[in-house]
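Student: Could you pick one spot in this model and take me through it closely? I'd like to follow how it connects to the strands around it, and then see how the rest of the protein is put together.

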Amino acid sequence: MVIEQIKMPQLGESVTEGTISKWLVSVGDKVNKYDPLAEVMTDKVNAEVPSSFAGTIKELIAGDGDTLAVGEVICTIEVEGGNDEAAVVSEQKTEAAETVAVTTADQGNKARYSPAVLKISQENGIDLTQVTGTGAGGRITRKDLLKLIESGNIPVAGPLKEVPKQSDVQPALPAASTQQVAPAPKQSAPAPNIPVEVGDIEIPVTGIRKAIAANMLRSKHEAPHAWTMIEVDATNLVEYRNSLKDEFKKKEGFNLTFFAFFVKAVAQALTEFPQINSMWAGDKIIQKKDINISIAVATDDALYVPVIKHADEKTIKGIAREISDLALKVRTGKLRSEDMQGGTFTVNNTGSFGSVQSQGIINYPQAAILQVESIVKRPVVMNNNMIAVRDMVNLCMSLDHRVLDGLICGRFLQRVKEILENTSKSTTSIY
């Protein structure tokens, strides 16, 4: 028998970790290849992790609610096809590739720490020699350290002990390996000690909420945010859409929303200002060829960002259909990981709940996000100095100042404004 490992998959672009929400198998269960093993949540998607092998579940490394980095082992499977000696060799090779041997100052034996455990210990000043692990063979896990951080009882190294430095100990990876692993986001500070009084309600933080918080924190920490806003007269757009919506719904079977017009205008402007469609990559900026618009879709307790692929090539009708289909997938729990991948720019329909001005957090690693606010009637001074009631909307854009500057973003917004203000029956086709 050979022991094979199932690892935490990367379930979306920029996703660095996932949370086991529910195991679908138990130790001793027999599974076939591609059978679902567990439900995993990230800040972008809920998905099932399939088995890569046919065999018997030997060990569940992580428990329900545990959060693991992409590439960490979540379970092992006993697979037919070899002898016991081959299984031992396989386990030893895998263990060597994923653990770090560190000789501590007061131990003759060797303690094994995963790279993720080392990173968390360094960032929070934890003396690993004083931590009791709950993993297999007393191994210290990420969960052990996160519990310590949450409790505030962090064991600190004494004068004769030193937490191993990442530069001093490196994972024993195969010589041919060239895979680059993105650094994990910095762990948050210990939770504040907030007194709970009579009548207060304690609401547990779900895995998906923790994942959203981690991604938002990473975006704010890494990307220097700036923002700008422009006011758009959407009167002609409102009249045009309202004249079409009833007949369109009857003919097509889904709604022609204002949001579809905004997404189309943004996609068109991105073709003219491709610098906006970029991402920061450390020593270079990647200007993406495809224009894939991420849209924010909220549920009662989470926010998802499915992607409209090649939005610049689609008609307003096509975009409206995709908005409808993706929103339905989110709300029925049928969104797939591939529906979330490849986004290059995000448009958020904050106006759907009445907001008129907001500053969005950039959808990492994209360079910008546009908030489309609520369309409201306001008195406006026209060119002839007369006052008229017009349908006005604010567009609020947050940008990564490492990638973009105010000048290019201002020109981009001016172009979006121009497209929207000139949307009418005589100039714009929805097909």
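Tutor: Happy to! Let's start at Asp66, which is buried, with a relative accessible area of 13%. It counts as buried because the cut-off is under 20% relative accessible area. Please keep in mind that we are looking at a predicted model.

Where does Asp66 sit? Its place is the loop between strand E6 (55-60) and E7. From there, the side chain of Asp66 reaches the backbone nitrogen of Gly63, at 2.8 Å. Leaving aside residues up to four places away in sequence, Asp66 touches Gly18, Thr19, Ile20 and Lys143. Strand E2 covers residues 17-23, so three of those contacts can be followed into a sheet, given that strands are DSSP runs.

That sheet is an open one of 4 strands, in the order E5-E4-E2-E7, and its pairing is antiparallel. At its edges are strand E5 (46-50) and strand E7 (67-69), each pairing on one side only. From one strand to the next, the twist averages 40 degrees.

Now let's walk across this sheet. Strand E2 pairs with strand E4 (residues 36-41) in the antiparallel sense, over 4 bridges. In this pair, Trp23 stands opposite Ala38 in E4. On the way to the edge, E4 and E5 pair in the antiparallel sense over 5 bridges, and Val40 stands opposite Ala47 in E5. Ala47 is also useful for seeing how E5 is laid out: together with Val49, Ala47 makes up the covered face of E5, while Asn46, Glu48 and Pro50 make up the uncovered one.

The loop that holds Asp66 also leads back to E6, and E6 belongs to another sheet. This open sheet of 4 strands has the order E1-E8-E6-E3, with antiparallel pairing. Its edge strands are strand E1 (2-7) and strand E3 (30-31), each of which pairs on one side only. E3 and E6 are joined in the antiparallel sense over 2 bridges, and here Lys30 stands opposite Thr56 in E6. The loop with Asp66 thus runs from E6, in the sheet E1-E8-E6-E3, to E7, in the sheet E5-E4-E2-E7.

Let's step out to the helices. Helix H6 (residues 258-272) has 15 residues, which should span 21 Å at 1.5 Å a residue; its end C-alpha atoms are 22 Å apart, which agrees. Its buried residues are Phe259, Ala260, Phe261, Phe262, Val263, Ala265, Val266, Ala267, Ala269 and Leu270. One of these, Val266, is buried with a relative accessible area of 1%. Not counting residues up to four places away in sequence, Val266 touches Ile293, Phe345, Val347, Leu370, Phe412 and Val416. Val266 and Asp312 are 46 residues apart in sequence, and their C-alpha atoms are 8.6 Å apart in space.

H6 also helps us read helix H7 (residues 316-331). H7 has 16 residues and reaches 23 Å from its first C-alpha to its last, close to the 22 Å expected at 1.5 Å a residue. The buried residues of H7 are Ile316, Ile319, Ala320, Ile323, Leu326, Ala327 and Val330. They cover an arc of only 135 degrees around the axis, which puts them on the same side of H7. The general pattern is that an α-helix has 3.6 residues a turn, so residues three or four places apart point the same way. What do the buried residues of H7 pack against? Their partners are H6, strand E14 (293-295), strand E15 (297-298), strand E16 (303-304) and strand E17 (307-308). After H7 comes Gly333, whose phi is positive, near 70 degrees.

One more buried residue to look at is Thr235, in helix H5 (residues 235-252). Thr235 has 6% relative accessibility and counts as buried. Its contacts, not counting residues up to four places away in sequence, are Arg390 and Asp391.

Finally, the overall picture. The protein has 8 helices and 21 strands, and buried residues make up 43% of its 431 residues. Among contacts between residues at least 6 apart in sequence, 65% join residues at least 24 apart.

How values were computed. Residues numbered from 1 in each chain as written. Predicted model: local features only at pLDDT ≥ 70, side-chain atom pairs only at ≥ 80, totals over all residues. Heavy atoms only, no water. Pairing = 2+ DSSP bridges. Axes fitted to C-alpha atoms, helices over the stretch in contact; angles between N-to-C directions. Expected span 1.5 Å × (residues − 1). Buried < 20%, exposed > 50% of the residue type's maximum accessible area, 1.4 Å probe, protein only. Arc of directions from axis to C-beta. Contact = heavy atoms within 4.5 Å. Polar contact = N/O pair within 3.5 Å; in protein donor to acceptor, adjacent residues only side chain to side chain.
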